[in-house]
Amino acid sequence: MKIMMTGKVEVPEVVVTAEEHGFTFKLMAGIINSRVKEHTKVHKMSLLNGSKLHLQFKISASLPFTLLDDKIEYTLTPRQKIKLDHGLVLSERFCLPFSTLPDNPSAWSSINQRVTTLSQMSRVEVNVEEQLLHKSHEVNLSDGTVETIVQQVPEKRYHIHSHLLLNYNNGHQQKIPVHCRIVLPTFYISPETVQFGTCLVGQTSHLTVRLINPSNSPLRWT
């Protein structure tokens, strides 16, 4: 006589839901300056144990992502739901490798190497992209007329990809993808060439030069 026996193995995982802005952070690199050395942006998420088991796990994040709770180990009973704050810490130290971003996109791979060296212990991936912005501005000409100039200006961004890790007490690991898009400030000078013409000794000539920031990130300098 044969008795057929079947079984079901259930992999314990919590249901992780992001509230409001999700798991993508959008920041402007220009908020870091001589006065503001570090800025933390916070998002909220909920963790639901939808299984019939008690789940025990530890949760961790890799810089610049962080968890804003001193507690790292949790136990959830069936149907229990908790809320946590997770964030991204944008600091002067982390932005430093991007402060001299090359104009040539083919050279941007060196930026990834510098960030990897900066965060050797972090499980992050960095990619750099460029998007052309169509910007227009008005220029007052010497004859009193106004000319509208339209330019294509590159806006540089870098993307950081990582995971929030949930390590269960049975050895199972759950990964929650997190992403950050950081916009780098840029500027151009208009006009690019300044021609004063003939200036006689003792005379003063004035021309207006504009520094224009077409990006979505604030720009400061000293």
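**Figure 1. A buried tyrosine in a predicted model.** Tyr168 has a relative accessibility of 6% and therefore counts as buried. Please keep in mind for every view that this is a predicted model. The ring of Tyr168 has a partner in Phe57: the two centres are 5.6 Å apart and the planes stand at 55 degrees, so this pair is tilted. Phe57 belongs to strand E4 and Tyr168 to strand E9 (residues 146-168), so the pair ties together parts that are 111 residues apart in sequence. Phe57 has a relative accessibility of 2% and so counts as buried too.

**Figure 2. The stacked pair of Phe57 and Tyr74.** A search over the whole structure turns up three aromatic pairs. In the one shown here, the ring centres of Phe57 and Tyr74 lie 5.9 Å apart with their planes at 25 degrees, so the pair is stacked. Strand E4 (residues 55-60) holds Phe57 and strand E6 (residues 73-76) holds Tyr74, so the pair ties together parts that are 17 residues apart in sequence. Both Phe57 and Tyr74 are buried. Stepping back a little, Phe57, Tyr74 and Tyr168 are linked by ring pairs into a cluster.

**Figure 3. A salt bridge between strands E3 and E7.** How many salt bridges does the count come to? The count comes to one, and it is formed by the side chains of Lys44 and Asp85, with 3.0 Å from N to O. Lys44 sits in strand E3 (residues 38-48) and Asp85 in strand E7 (residues 81-91), so this is a link between distant parts of the chain, 41 residues apart. Are the two partners buried or exposed? Lys44, at 40% relative accessibility, counts as partly exposed, and Asp85 counts as partly exposed at 27%.

**Figure 4. A nonpolar patch on the surface.** Seven names to look for here: Phe187, Ile189, Val194, Phe196, Leu207, Val209 and Leu211 form the patch, and together they have about 600 Å² of accessible area. Leu211 is found in strand E12 (residues 210-212). With a relative accessible area of 47%, Leu211 is partly exposed. For the wider setting, the accessible surface of the protein chain amounts to about 14,400 Å², and 51% of that belongs to carbon and sulfur atoms.

**Figure 5. Where confidence drops along the chain.** Which element has the lowest confidence? In the protein chain, that is helix H2 (residues 109-118), with a mean of 50, while E6 has the highest, at 93. Two stretches call for a careful look. Over residues 104-110, pLDDT stays under 50, and the model has eight contacts beyond four places in sequence for them. Over residues 117-121, pLDDT also stays under 50, with four such contacts in the model. Across the protein chain the average pLDDT is 78, and 80% of the residues score at least 70.

**Figure 6. The chain behind the close-ups.** The protein chain has two helices and twelve strands. Read from the N terminus, its elements follow the order β-β-β-β-β-β-β-α-α-β-β-β-β-β. Of the 222 residues in the protein chain, 35% are buried. Among contacts in the protein chain with a separation of 6 or more, 64% come from residues 24 or more positions apart.

Technical notes
Residues numbered from 1 in each chain as written. Heavy atoms only, no water. Phe/Tyr/Trp six-rings, centres within 6.5 Å; stacked < 30°, edge-to-face > 60°. Helix = DSSP H or I, 4+ residues; strand = E, 2+ residues; numbered from the N terminus. Buried < 20%, exposed > 50% of the residue type's maximum accessible area, 1.4 Å probe, protein only. Patch = residues over 30% accessible without salt bridge, like charges linked within 9 Å, V, L, I, M, F, W, Y side chains within 5 Å. Areas by Shrake-Rupley, 256 points an atom, 1.4 Å probe, with all protein chains shown as cover. Salt bridge = Lys/Arg side-chain N within 4 Å of Asp/Glu carboxyl O. Contact = heavy atoms within 4.5 Å. pLDDT = per-residue confidence, 0-100.
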